[in-house]
Each structure stands twice: as C-alpha cells, then as structure tokens.
Amino acid sequence: MGEWRDVVVVGAGPGGSAAAHYLARRGVDVLLVDKAEFPREKTCGDGLTPRAAAVLHDMGVLDALLRVGRPISGAEIVSPDGYSTGAPVPSQRGVPASMLVVPRITLDNVLRKRAIQSGAQFEGGVLVSGVEAAAGGVVIKAEQAGRPLVIKARLAMLATGASIGLLKRLGLLAKAPAVMLAARAYFDGIRGLTDRIQIRFDGVPLPGYGWIFPVSPSSANVGAGFFPPRWSRRAPASPRAVLDMFLRGRFVSAALDGAHQAGPAKSYPLRVDFPDAPTFGGGMLLVGEAAGLVNPLTGEGIDYALESAQIAAEHAARGLAEGTLSLKRCEEYDRHLRARFGRLFTFCRRVRDASLNATLLNRLARIASGRDDLKMLLINVALGNREVSETLSVATALKKAFALAR
Ligand SMILES: Cc1cc2nc3c(=O)[nH]c(=O)nc-3n(C[C@H](O)[C@H](O)[C@H](O)COP(=O)(O)OP(=O)(O)OC[C@H]3O[C@@H](n4cnc5c(N)ncnc54)[C@H](O)[C@@H]3O)c2cc1C
C-alpha cells in the first residue's frame, strides 16, 4: 500500500462503504479500510427507513437485502400509558419496499461487498491513528496486525461512526458531542410478531423510547434509548439498565413470554450533534455519524450515513478533478450537508424537546388513533421523512395535531 491512492475511506459501516461504492462507480481509485475484520456486528436497532431504502435501491442492493431481511409494512407508536396508534409506512415510487429490518452483521457486509464489486479495494484489521496534511494530499497513519502502516492519498474520508478517538486526536471535536445512549438485544421464539415495527414510550425514561423491530417472523431486535439531559454531565442511568427496565415493563414482558434472548445485550452511544459538528478537516471529508448525522428525535443514522456518502462522493470526485480537495470544495460540501439536513435536524431536535413528555404523548396517541391524517403525520415524523420536516415547522405540525383533536 506504499503507492498514492486517490481516496482512502476510513470505516466500512454504511457511510464508508456507500462512499467507496459511489466513488469507485465514478472510476475513482479508492481504498476502504476498517479496524474490524468483516463480517462484524454493530450495535444497532437494524431498522432501515424509507430514506435508507431509497439509497439502498440506488446502490442496487435492496432486492438482495429484502431476501435476507424483514420487510416492514407499518409502525405502531405506543404512548407512556399504553395508548396505541399505527399507520402503514408510506410507499415510494420506484422503490420495491419502503422499510425493512436487516441485522447489521448482514447489512454492513452486503454494502462492503457492493463497494468491492464496484471497484473499491478493502483492507480489514487496519486501525487508523492519524491523518496528516502532506504535499498533494494526506498521509494516513495506521496499524495492521501490530505493524505500522502509512498510506498516502489525495484525500481521505472519515466514516468512523460514533467512535470519536481519531476525530479528537485530529482536533476535529472541540467538545464532547451530544449523544443518545441506547442498548439492544436479540430475542428468538417470539409469538405473535407482526410485520410492523413498534416504537414504545411505556417503561422508558423520557425523553427516550423503546423499540421492537422484527428481524424474522419470530425474532426481533428489542432495545431502548434515552437522551441524557444536556445540563447534566452524568447519565441518570446506564443504557443497559434502561433496557432492563423496558424488558420488565408489563407489555414487553408479556410479548416476550416464552421467547429467549439470543446473545448478550449491547450498548453504544449515538452522536446527535450534527448542527454543531465539523464536517471536514484539511484534506478530509467526514461522512455519516462521524459528522454527527443521527436523527436527534429517532436515533436513526443509517439513512443519513448513506445520503451523506452520496453527497461526499460527489464533492470528492469534483475535488479530484480539480487536482486537490481545496478548502472551497470542503466548504461547499459542508453547505450541501447543511442545506439537506439542517432544517430537518433542527425540527427533530425541537420536536424531541417539546413533545417527548408523557402528557403530550398520551394525548397525541389517543387522538391520533381515530385520525388517519394525524397518524400519517406522526409516522412521517417518526421515520424522519423529508416531506413533513421540510414543509412544516414544529409549531405548525403540533398545532395541526391539536387542531385535529378538537
Ligand atoms: C443501540 C442503537 C440502535 C440504533 N438503531 C438504529 C436503527 O434502527 N436505524 C438506524 O438507521 N440507525 C440506528 N442507529 C444508529 C446507527 O447505528 C449509526 O448511526 C450508523 O451505524 C452510522 O453509520 P456510519 O457508517 O456513519 O458509522 P458506523 O456504522 O458506526 O461505522 C463506523 C466504522 O468505522 C470503523 N472505525 C472506527 N474508527 C476507526 C479507526 N480509527 N480506524 C479504522 N476503522 C475505524 C468501525 O469499526 C466501524 O466499522 C442505532 C445506534 C445504536 C447505538
């Protein structure tokens, strides 16, 4: 790996593999590296939203994923007092399925292989510890099998997820990012699972929620997450304690009666700081969760990792055509991301702060159960669908919800 590469992508999660795919498809020479050997697990709820499905379709992997994953027809939202409202997942023209659940051990490997098939080279077991500016590009310092490794590239893309060690060393994170904390476990032998996902506010601290995402007709990814208060440095509870609380709740313990946990519960933080997060450094573009791109209301981040990868590949290819990744090109990438996601994330953060309280959620769920348009509004917000967030302000959306209730 001593020769110059066009692009080195660090991190082969959805963001990194999609970026490598879109770059390689443009004929760019791209090396994708990850500290892990694949297939590897990633702690996640495994839910793929309509936005994610659209990019996966564009990448040509959605059909294959539908064969190994669980297509989802709708979502149930359950309030703290157990009021339930449900709606079908809105379909998208030209996309064979709008929502699915695919365990990350499978999804990430499919995406990595897609990148390789498109022409990218992959190296596992490469832990990147530094990226330095150099004449004509960057020098990436890494370690593979205990041996130091130096890779030269015209530009780097960092798609390192919520693992912030490298970004901190590079001076790309001045303060600890805002996070959601979450944990999940798989359960097998569940009776009565449907092809709908459940988002539940009963038995979890607010703001936060629990989920039951079916991965097959009888098994599910069950998890819970919460947002530690911004003013407190310490979380009120550990994510696994919150998951235990959720599992012991009246509904979930009844739903899982007779089922067994498959493997340990695992927790991981989610960065939800995109509005304040840097999106580039010298010779580097940040992609996906490395740029804080996780929905601050729902905790979904695969969709934004995929979409930001498409955008990053476009700007990187332009930079390469111009010779180097100039500051102007990096700033254009930043503006592009903020134009695409800025309003959505501000909207979702405000909805989270304004509405994730028990009284409002109980009221919304009760009134929505008899109103199809309100159900659709709630599900579109819950899935981070672009249309709602871009056309309605929070105030309008909430006012609309309460007006419908009268
Ligand atoms: C409990 C939980 C539930 C979630 N549920 C959902 C959900 O249902 N739907 C959804 O859309 N999102 C969900 N998310 C969020 C989602 O998992 C992430 O936002 C998404 O994985 C981000 O993708 P990414 O490609 O940016 O990073 P990642 O998927 O985190 O990939 C980063 C990769 O970089 C590698 N890496 C890191 N540092 C280095 C280094 N120094 N050198 C080399 N390699 C490195 C890692 O090994 C990893 O493979 C959940 C998260 C959690 C924690």
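## A tour of the chain, starting at two helices

Select Leu364, Ile367 and Ala368 in helix 10, then Leu374, Lys375 and Leu378 in helix 11: these two groups of residues meet. Sorted by type, the residues of this contact are five nonpolar, no polar and one charged. The model on your screen is a predicted one.

Now show the two helices in full. Helix 10 covers residues 358–368, and helix 11 covers residues 372–382. Two packed helices are described by the angle between their axes and the distance between the axes. Here the axes come within 8 Å and cross at roughly 135 degrees. Angles over 145 degrees would count as roughly antiparallel and 65 to 115 as roughly perpendicular, so helix 10 and helix 11 are oblique to each other.

**Next stop: strand 12**

Select residues 179–188, which form strand 12, and pick out Ala182 in this strand. Is Ala182 buried or exposed? Ala182 is buried, because 27 other C-beta atoms lie within 10 Å, and 20 or more is the cut-off for a buried residue.

Which residues are in contact with Ala182, apart from its neighbours within four places in sequence? Select Gly223, Ala224, Gly225, Pro239, Ser267, Tyr268, Leu270 and Gly299 to see them.

For a distance to try in the viewer, take Val7 and Ala182. Their C-alpha atoms are 33 Å apart in space, and the two residues are 175 apart in sequence.

**Next stop: a small set of strands**

Strands of a sheet pair through backbone hydrogen bonds, either parallel or antiparallel. Select strands 3, 7 and 4, which make an open sheet of three strands in the order 3-7-4, with antiparallel pairing. At the edges are strand 3 (47–48) and strand 4 (70–71), each of which pairs on one side only.

Zoom in on strand 4 and strand 7 (residues 100–101). Two bridges join strand 4 and strand 7 in the antiparallel sense. To find a bridge, select Pro71 and then its partner in strand 7, Leu100.

**Last stop: the whole chain**

Zoom out. The chain has 13 helices and 18 strands. Its radius of gyration is 21 Å, close to the 22 Å that the globule rule gives for 406 residues, so the chain is as compact as a globular protein of that length. Along the principal axes, the C-alpha atoms fill a box of roughly 65 × 45 × 45 Å.

Colour the chain by burial if your viewer allows. Of the 406 residues, 51% are buried. Finally, consider contacts between residues at least 6 apart in sequence: 72% of them join residues at least 24 apart.

How values were computed:
Residues are numbered from 1 along each chain as its sequence is written. This is a predicted model: local features need pLDDT of at least 70, side-chain atom pairs count only at pLDDT 80 or more; totals for chains, interfaces and linings use all residues. Helices (H or I, at least four residues) and strands (E, at least two) are DSSP runs, numbered from the N terminus. The radius of gyration is taken over C-alpha atoms; the globule rule is 2.2 Å times the number of residues to the power 0.38. A residue is buried if 20 or more other C-beta atoms lie within 10 Å of its own, exposed if 12 or fewer, and partly exposed in between; C-beta atoms are placed from the backbone. Two residues are in contact if their C-beta atoms, placed from the backbone, lie within 7 Å. Two strands pair if DSSP finds at least two bridges between them. Axes are lines fitted to C-alpha atoms, for helices over the stretch in contact, and angles run from 0 to 180 degrees between N-to-C directions. Angles under 35 degrees count as roughly parallel, over 145 as roughly antiparallel, 65 to 115 as roughly perpendicular and the rest as oblique. Ala, Val, Leu, Ile, Met, Phe, Trp, Tyr, Cys and Pro count as nonpolar, Asp, Glu, Lys and Arg as charged, and the others, Gly among them, as polar.
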